[in-house]
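Colleague: Thanks for sitting down with me. Could you show me the model and take me through the reasoning behind its labels?

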Amino acid sequence: MANWITMHSFLSLNWDEWGSIVAILTAIVLILRWALNRAHKQLFEPVNRAIHELKISVDKSSSRLARSEDRLERGDKIFVRHDEELKDHERRITNLEERK
C-alpha cells in the first residue's frame with residue numbers, strides 16, 4: 001500500500017499547509033461571490049427595472065388594443081344592424097310608392 005497518507009501529511013503536504021490552502025481558497029471564493037453579487041446589482045438591476053417597465057407598457061398597450069377591438073366589433077354589429085334597418089325602411093318606402 002502506498003504511503004501517501006500519514007499521520008502528519010496528505011499528498012506530501014503537511015496538515016498546516018492544507019489548512020492554508022483551504023483558507024486561501026475560501027477567501028478567494030468569498031471575494032468572487034461578493035464581487036459577482038455587487039456586479040449583479042450594479043449591472044443587471046437597471047436592466048431588470050427597464051425590462052419590467054417595458055413589460056408593464058406592453059401589457060397596457062395590449063389591453064388598450066383588446067378594448068379597441070371590442071369597441072370596433074360592437075360598432076360593426078351596430079352598423080350592420082342599422083344598415084339592415086335602413087334597407088328595411090327603403091323596402092317599405094318602395095312598397096308604399098308602388099301602392100299609389
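Modeller: Happy to; we can go label by label. Please keep in mind that this is a predicted model.

Colleague: What is the overall layout along the sequence?

Modeller: The pattern reads β-β-α, with one helix and two strands in the protein. The helix, α1, covers residues 15-99, which is 85 residues.

Colleague: How do you know that α1 is close to its expected span?

Modeller: The expectation is 1.5 Å times one less than the number of residues, and for α1 that comes to 126 Å. From its first C-alpha to its last, the helix reaches 119 Å, so the two values are close.

Colleague: Where does α1 kink?

Modeller: The kink is at Phe44, shortly before the proline Pro46, and its angle is about 40°.

Colleague: What makes the contact between Glu73 and Lys77 a salt bridge?

Modeller: The cut-off is 4 Å between a side-chain nitrogen of Lys or Arg and a carboxyl oxygen of Asp or Glu. For Glu73 and Lys77 the closest N and O atoms are 3.7 Å apart, so the pair qualifies. Both residues lie in α1, four residues apart, or about one turn of the helix.

Colleague: Why is Lys77 called exposed, and what is Glu73 called?

Modeller: Exposed means over 50% relative accessible area, so Lys77 at 54% earns that word. Glu73 has 47%, so the label there is partly exposed.

Colleague: How do you know that Asp83 and Lys87 form a salt bridge?

Modeller: Their closest N and O atoms are 3.4 Å apart, and that is within 4 Å, so the pair counts. Asp83 and Lys87 are separated by about one helical turn, because they are four residues apart in α1.

Colleague: Are Asp83 and Lys87 buried or exposed, or what lies in between?

Modeller: In between: partly exposed runs from 20% to 50% relative accessible area. Asp83 has 29%, so it is partly exposed, and Lys87 at 44% is partly exposed too.

Colleague: Which residue forms a salt bridge with Arg92?

Modeller: That is Asp88, with the closest N and O atoms 3.4 Å apart. Salt bridges that share partners also join Asp88, Arg91 and Arg92 into one network. Asp88 itself is partly exposed, at 27% relative accessible area. A search of the whole structure finds six salt bridges, including the ones we have discussed.

Colleague: What makes up the nonpolar patch on the surface?

Modeller: Ile21, Ile24, Leu25, Ile28 and Leu32 form it, with about 450 Å² of accessible area together. One of them, Leu25, lies in α1.

Colleague: How much of the protein is buried?

Modeller: Buried residues make up 1% of the 100 residues, where buried means under 20% relative accessible area. The protein exposes about 9700 Å², and carbon and sulfur atoms supply 62% of that.

Colleague: Where is confidence lowest, and where is it highest?

Modeller: Strand β1, residues 9-10, is lowest with a mean of 66, and α1 is highest at 90. The mean pLDDT of the protein is 86, and 89% of its residues reach 70 or more. Where pLDDT is low, the predicted coordinates should not be read in detail.

Notes. Residues are numbered from 1 along each chain as its sequence is written. This is a predicted model: local features need pLDDT of at least 70, side-chain atom pairs count only at pLDDT 80 or more; totals for chains, interfaces and linings use all residues. Side-chain values use heavy atoms; hydrogens and water are left out. The bend at a residue is the angle between axes fitted to the seven residues ending there and the seven starting there. Patches are made of residues with over 30% relative accessible area and no salt bridge: like charges are joined within 9 Å, nonpolar side chains (Val, Leu, Ile, Met, Phe, Trp, Tyr) within 5 Å. Accessible areas come from the Shrake-Rupley method with a 1.4 Å probe; for residues, only the protein chains shown count as cover. Buried means under 20% relative accessible area, exposed over 50%, partly exposed in between (1.4 Å probe, protein chains only). pLDDT is the predictor's confidence in each residue, from 0 to 100.
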